[in-house]
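Visitor: I have not looked at this structure before, and I would like to learn how its features are read. Could you take me through them slowly?

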Amino acid sequence: AGTRHNSSLSAAFWLTEDPDLMDLDLPFAGVVFTRSDAGGAHCFYPELKSEPPTVKHFETVHHLSQAEMLKHFMDRIKSEGRLMHKKVPALARPGHKGELV
């Protein structure tokens, strides 16, 4: 677990210590979501009984890899694609003085 997860866990514990939330008689104090670099996300359910939060992992939509893109689009690339050749260098946008690329 990294900084994001540690911050989310701290936020979940903070929610359990909020006296205003305790007075509302809620089933739980809230929900904290954290996206994981390793894939998927975690959901922290703070408990109101001075217990550690419940943590659940679930999968999320991810960016397709080069192999996945080719698997999905290779037939279309072969049938409809055009081979492009770079003729001259071009910038995506004008640069600004002092900008690092």
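**Reading the strands and helices**

Guide: This is a predicted model, and a good place to begin is the hairpin formed by S1 and S2, which have five residues between them. In the turn of that hairpin, Gly39 has a positive phi of about 115 degrees.

Visitor: In which sense do S1 and strand S2 pair, and over how many bridges?

Guide: Pairing is read from the bridges between two strands, and here S1 and S2, the latter covering residues 41-45, pair in the antiparallel sense over four bridges. To place one of these pairs in the picture, take Arg35, whose bridge partner in S2 is Ala41.

Visitor: Which strand is joined to S2 by five bridges?

Guide: That strand is S3, residues 54-58, and it runs antiparallel to S2. Across this pairing, His42 stands opposite His57 in S3. As for its surroundings, S2 is largely enclosed by the rest of the structure, because four of its five residues are buried.

Visitor: Which residues of S1 lie on its covered face, and which on its uncovered one?

Guide: In S1, which spans residues 32-35, Val32 and Thr34 make up the covered face, whereas Phe33 and Arg35 make up the uncovered one. Thr34 counts as buried, since its relative accessibility is 5% and the cut-off for buried is under 20%. Leaving aside neighbours within four places in sequence, Thr34 is in contact with Arg4, His5, Ser8, Ala41, His42 and Phe44.

Visitor: His5 appears among those contacts; where is the place of His5?

Guide: His5 has its place in helix H1, and with a relative accessible area of 13% it is buried. Its contacts, again leaving aside neighbours within four places in sequence, are Thr34, Arg35, Ser36, His42 and Phe44. With one of these, His42, there is also a polar contact from side chain to side chain, at 3.1 Å.

Visitor: How should I read helix H1 as a whole, and what does it reach from its first C-alpha to its last?

Guide: One compares the reach of a helix with the span expected for its number of residues, and H1, with 14 residues (3-16), reaches 20 Å, close to the 20 Å expected at 1.5 Å a residue. The buried residues of H1 are His5, Ser8, Ala12, Leu15 and Thr16. Seen down the axis of H1, these buried residues fall within an arc of 105 degrees, so they line one face of the helix. The face turned away from that buried side carries the exposed residues Thr3, Asn6 and Trp14.

Visitor: How many buried residues does H3 have among its 15 residues?

Guide: The count is zero, and H3 is accordingly described as hardly covered. This helix, residues 66-80, also has a kink of about 65 degrees, centred on Phe73.

Visitor: Is Glu80, which is found in helix H3, buried or exposed?

Guide: Glu80 counts as exposed, because its relative accessibility is 55% and the cut-off for exposed is over 50%. To see how separation along the chain can be set beside separation in space, note that Glu80 and Gly2 are 78 residues apart in sequence and 44 Å apart in space, C-alpha to C-alpha.

Technical notes. Residues numbered from 1 in each chain as written. Predicted model: local features only at pLDDT ≥ 70, side-chain atom pairs only at ≥ 80, totals over all residues. Heavy atoms only, no water. Expected span 1.5 Å × (residues − 1). Buried < 20%, exposed > 50% of the residue type's maximum accessible area, 1.4 Å probe, protein only. Arc of directions from axis to C-beta. Polar contact = N/O pair within 3.5 Å; in protein donor to acceptor, adjacent residues only side chain to side chain. Contact = heavy atoms within 4.5 Å. Pairing = 2+ DSSP bridges. Bend = angle between axes of the 7 residues up to and from the residue.
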